[in-house]
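Please walk through this chain with the sequence and the 3D view side by side, beginning at one residue and widening the view from there.

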Amino acid sequence: MFKWILLLGFALAVYWWIRSKNQGKKVAQKPSDSGFKDKQTEVQKMVACAHCALHLPQKESIAFDGRYYCCQEHQQQISPKGWLGKALWRTSPNFDDRPTNTAIDLVVIHHISLPPGEFGGRWVMDFFQNQLDRTKHPYFAAIAEQKVSAHFFIDRAGRLIQLVSIEQRAWHAGKSDFFGRTQCNDFSIGIEIEGDGHTEFAEIQYQTLAYLTKVLLKHNPNLKFVGHSDIAPERKTDPGTFFDWQRFQKNSALSDHQFPFGSGSR
Ligand SMILES: [Zn+2]
Ligand SMILES: [Zn+2]
C-alpha cells in the first residue's frame, strides 16, 4: 500500500513539474507575442498613384495636394482621366461630356478678375464653383447665376489650378467660331489667367503658362493657341492687349503655325 502512495506522490510531482514548466514557457513567449502585434500595427499605409493607380507604401510615394504619385514622371503628366498632377485640383460642377470622337486641338486663353480690376481674392474660384456670394459686391449679383468654368486657372501668384478634366467639356468659350468650326468648347481647352485687361500679367503667370503648355502639348501635340477675342470677336476682348503673345510663344518655344491669329498684340 505504501508503495502505491509513493508512486501516486511521484506521479503528482511529475505532473506539477511539467505543468509549471509549460507555464514558464507561456510567460517567456508573451513578449514575442506582443512583439508580433506591434509589427502588425506598424504595417505601412498603402496609397494609390493618382496617375496609374499603382499601390505603394505611403512613405515611398510623392504626396501633393492630398494625392499620391508613384514617381515624378506621373505627377508631371496629364493622367488618363485628364488631370494634371502638378496642378491644385479644385473642381467645378460646370462641365459636361465632349461630343464623342472629338479631337482636342485648340487652347483658348482668357483673362478674368473678380470684382473686375481686383486680384487675389477668392471670388474667381467661388464663381467657377457656383459659390459666389452675390451680396459681397454689386457686380456679383449680375453674374452669380452664370454657370461657367475653365479647365485651368492661373492666379496672380502663378498657382496652377485645375477645375475640369481636359477629357470633359468646360464652359469657357460660349458662342464662338474657329475658322468655321463653332461651339469651340467642344474641342478646346480653356485657360483663364487672372488679369483685368488693363494690367500687365505677372512674369510668374507666363512661367506657369509655359509649363502648362509643355505638358498639354506632350498629351495633345496638335494644339493651336488663340485668345477668346479671336473666336468671339463681337463679344469678347480677353486676354486683351496686355497679354504678350510673343513672350508666350518664346517661353514655350512654339512655332508660328501654332498661332492661327498670329502672335501680335491684340
Ligand atoms: Zn504612377
Ligand atoms: Zn474669356
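**From one strand residue to the whole chain**

Leaving out residues up to four places away in sequence, Ile-193 touches Ile-109, His-110, His-111, Ile-154, Phe-201, Gln-205, Leu-209 and Pro-239. In this model, which is predicted rather than determined by experiment, Ile-193 sits in strand β13. Ile-193 counts as buried because 25 other C-beta atoms lie inside 10 Å of its own, where 20 or more are needed. Ile-193 and Asp-238 stand 45 residues apart in sequence, yet their C-alpha atoms are 9.8 Å apart in space.

That pairing leads to the backbone at Asp-238, which is joined to Pro-239 by a cis peptide bond with omega of about 10°. Pro-239, already named as one of the residues that Ile-193 touches, is in the loop between α6 (228-231) and α7 (245-252). A second cis peptide bond runs from Leu-114 to Pro-115, with omega near -15°, and here the proline belongs to the loop between β7 (106-112) and α3 (123-128). Such places merit a look in the viewer, since most peptide bonds are trans and most residues other than glycine have a negative phi.

The phi angle brings up two asparagines. Asn-101, although not a glycine, has a positive phi of about 60°, and its place is the loop between β6 (95-97) and β7. Asn-101 is exposed, because its C-beta has 5 others within 10 Å and the limit for that class is 12 or fewer. Asn-130 likewise has a positive phi, of about 55°, without being a glycine, and it is found in the loop between α3 and α4 (138-143). With 15 other C-beta atoms within 10 Å, Asn-130 is partly exposed.

Turning from the loops to the interior, which residues have the most contacts inside the largest nonpolar core? That core has 44 residues, and the ones in question are Val-107, Val-108, Ile-109, Val-124, Phe-152, Phe-153 and Ile-191. Two or more residues each are given to this core by β7, α3, β8 (152-154), β13 (188-194), α5 (203-219), β14 (224-227) and α7, and the largest share, five residues, comes from β7. Val-107 shows how parts of the sequence meet: beyond its neighbours up to four places away, it touches Ser-188, Ile-189, Ile-191, Leu-216, Leu-223 and Phe-225. Apart from this core lies another one, of five residues, which include Cys-49, Ala-50, Tyr-68 and Cys-70.

Helix α7, one of the elements that contribute to the 44-residue core, also contains Ser-252. Ser-252 counts as partly exposed, because it has 18 C-beta neighbours inside 10 Å, a number that falls between the limits of 12 and 20. Along the chain Ser-252 and Tyr-211 are 41 residues apart, while 7.7 Å separates their C-alpha atoms. Setting aside neighbours within four places in sequence, Ser-252 is in contact with Ala-210, Thr-213 and Lys-214.

Finally, consider the chain as a whole, which has seven helices and 14 strands. Of its 266 residues, 30% count as buried. Among the contacts with a separation of 6 or more, 61% are accounted for by residues 24 or more positions apart.

Technical notes:
Residues numbered from 1 in each chain as written. Chains lettered and ligands numbered in written order. Predicted model: local features only at pLDDT ≥ 70, side-chain atom pairs only at ≥ 80, totals over all residues. Helix = DSSP H or I, 4+ residues; strand = E, 2+ residues; numbered from the N terminus. Core = buried A, V, L, I, M, F, W, Y, C linked by C-beta atoms within 7 Å. Contact = placed C-beta atoms within 7 Å.
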